[in-house]
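Visitor: I am new to this structure. Please pick one part, take me in close, and then show me what surrounds it.

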There are 2 protein chains.
Amino acid sequence: MPIKEAVRPGGRSARVQEAVHQAVRELQAVKSRDELTVPQVAELAGVTPSTIYRRWGNLAELVADVSVERMRPDEDPVDTGTLAGDLQAWGEQYLEEMTSVPGQRALNDVMASADNGRRERCCRYSESLMATLRERALSRGEAAVPPLERLVDGVVAPMTYRLLYDRESATAANLRRWIVRALAVEDAD
Amino acid sequence: MPIKEAVRPGGRSARVQEAVHQAVRELQAVKSRDELTVPQVAELAGVTPSTIYRRWGNLAELVADVSVERMRPDEDPVDTGTLAGDLQAWGEQYLEEMTSVPGQRALNDVMASADNGRRERCCRYSESLMATLRERALSRGEAAVPPLERLVDGVVAPMTYRLLYDRESATAANLRRWIVRALAVEDAD
DNA sequence: GCTCATAAAGCAAATATTTTGCGTTTGTGC
DNA sequence: GCACAAACGCAAAATATTTGCTTTATGAGC
């Protein structure tokens, strides 16, 4: 049984959704963001524009929807044997993904959505990933595993901040510093 | 000599820009984001829609432009006598501003801009503010003033992350923790 | 399996918007 | 002052969006 969305899992509805998403992905590969239009997507997907407008509201929400999908982690994070290593491995891959041209566009599209539920969903991906790595470290018996919150504030937040505002500094070297610092701090408050 | 933008500082151009910005602000106070339209703004500002389209491209860029202005710090940060105090005071005010309804909208509008120069400009405000507070602390002779980069990663980044993705946790209490941690860490890398 | 109720899609006309070409106004540099 | 070019106004044309109504297909109850 495939993973389903909340739109009447059944038949036509799901088919339309898939066709529209697919059409967006194909067009995005060829056209820049502001050449993309709803009527174009509709034609390629073989649906009427009004279908798209009624379901997604406008182009911004549609592309945001597609981009959130794109950002969902598809594979389990690699196990390097240490929390620091896992964080670095995941982070480097994430940075590479998000500094790429399509990655940057996906990020922009998600941020442009008026529905902040979408943005939240997207950041939950990173947070639950942190939780996974943390559990893994605990079950290995690693010492000094920081609380989840510290991983989020110490690693995910700076990374995200750089990706959004200043991607020149979204580098693997900086990532290493964030990790070291997050794992080094012993106590506070 | 007032601060000028890069649009032919002179007369008409500047007047039009001001009229349009003003019209956007007035309409935003009354209408929700997706009731706002370019023709409406144009009428209230007393200009033709084509003027707006040619100058800003579309509504998203226009409202982003207005919002960046709105986010420019207008007054000097208060001096509390310590770096920690200054950070807390500034941060609390910033959080309050940005969790308010108009603040959230401004944030969204800026993030929705396709021009990431705009986003960058907006984050430079915070960074240069950090630099100011840091200089102030140094000239007071405070011990253990962390490098600018650590203030950005340790305080601004988590705050921004929370504001964007999970504003429930954008609180003064968390802010305090970020500050304590940023100032406490002695070394890394 | 069959029927019914209903959510979602199609279609097309009505609106609203965005784009564009061209003439006019208005700062800016000489 | 004068000439040049940038920015604006206007209006027609091209697009995109909304909306009312019809048709189709799914899921529930029998």
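Guide: One term comes before anything else. A helix here is a DSSP run of H or I with at least four residues, and helices are numbered from the N terminus. Keep in mind, too, that this is a predicted model.

With that term in hand, go to the loop of chain A between α7 (116–140) and α8 (148–165). A:Ala144 has its place in this loop. Look at its backbone. A:Ala144 is not a glycine, yet its phi is positive, at about 55 degrees. How accessible is A:Ala144? Its relative accessibility is 48%. The band between buried and exposed runs from 20% to 50%. A:Ala144 therefore counts as partly exposed.

Now cross to chain B. B:Ala144 sits in the loop between α7 (116–140) and α8 of that chain. Its phi is near 55 degrees, a positive value in a residue other than glycine. B:Ala144 has a relative accessible area of 48%, so it is partly exposed.

Step out of the loop and into the helix. Helix α8 of chain B covers residues 148–165, and it holds both B:Tyr161 and B:Tyr165. These two tyrosines are four residues apart, about one turn of the helix. Are they buried or exposed? The cut-off for buried is under 20%. B:Tyr161 has a relative accessible area of 3%, so it is buried. B:Tyr165 stands at 5% and therefore counts as buried.

Their rings also form a pair. Ring centres must lie within 6.5 Å to count as a pair. Over all chains, the count comes to four aromatic pairs. In the case of B:Tyr161 and B:Tyr165, the centres are 5.0 Å apart and the planes stand at 55 degrees, so the pair is tilted. Stacked would need under 30 degrees, and edge-to-face over 60.

These tyrosines also lead to the neighbouring chain. The contact between the chains takes 30 residues from chain A and 30 residues from chain B. The area buried between the two is about 3200 Å². Carbon and sulfur atoms give 50% of that area. Which residues of chain B lose the most area to chain A? They are B:Tyr161, B:Tyr165 and B:Arg181, together giving 23% of what that side buries.

Next comes open space. The largest pocket has a volume of about 1200 Å³. It is lined by 40 residues, and the closest to its centre are A:Arg33, A:Ala60, A:Ala112, B:Ala60 and B:Ala112. Both chains contribute helices to this lining. From chain A, α4 (59–71) and α6 (101–111) each supply at least two residues. From chain B, α2 (38–45), α4 (59–71) and α6 (101–111) do so as well. The largest share comes from α6(A), with six residues. By type, the lining divides into 18 nonpolar, 11 polar and 11 charged residues.

Finish back in chain A, at helix α1. This helix spans residues 12–28 and includes A:Gln28. A:His21 lies in α1 too. With 4% relative accessibility, A:His21 counts as buried. Its contacts beyond four places in sequence are A:Trp56, A:Leu62, A:Asp65, A:Val66 and A:Glu69. Take A:Leu62 as one of these partners. A:His21 and A:Leu62 are 41 residues apart along the chain, yet 8.2 Å separates their C-alpha atoms. A:Gln28 is at 14% relative accessibility and counts as buried. Beyond its neighbours within four places, A:Gln28 is in contact with A:Leu36, A:Val63, A:Arg105 and A:Asp109. Between A:Gln28 and A:Val41, the C-alpha distance is 9.9 Å, with their positions 13 residues apart in sequence.

Now see chain A whole. It has nine helices and zero strands. Its C-alpha atoms fill a box of roughly 60 × 40 × 30 Å along the principal axes. Of its 189 residues, 46% are buried. Among contacts with a separation of 6 or more, 67% join residues 24 or more positions apart.

Terms used
Residues are numbered from 1 along each chain as its sequence is written. Chains are lettered from A and ligands numbered from 1 in the order in which they are written. This is a predicted model: local features need pLDDT of at least 70, side-chain atom pairs count only at pLDDT 80 or more; totals for chains, interfaces and linings use all residues. Side-chain values use heavy atoms; hydrogens and water are left out. Rings of Phe, Tyr and Trp (its six-membered ring) pair if their centres lie within 6.5 Å; planes under 30 degrees apart count as stacked, over 60 as edge-to-face and the rest as tilted. Buried means under 20% relative accessible area, exposed over 50%, partly exposed in between (1.4 Å probe, protein chains only). On a 1 Å grid over the protein atoms alone, a cavity is a set of points where a 1.4 Å probe fits but cannot get out, and a pocket is an open set with protein on both sides within 12 Å along at least five of seven lines; lining residues have an atom within 4 Å of a point. Grid points are joined across faces, edges and corners, and a volume is the space filled by probe spheres set on the points. Ala, Val, Leu, Ile, Met, Phe, Trp, Tyr, Cys and Pro count as nonpolar, Asp, Glu, Lys and Arg as charged, and the others, Gly among them, as polar. Contact means heavy atoms within 4.5 Å. Buried area is the accessible area (1.4 Å probe) that two parts lose on being put together, summed over both.
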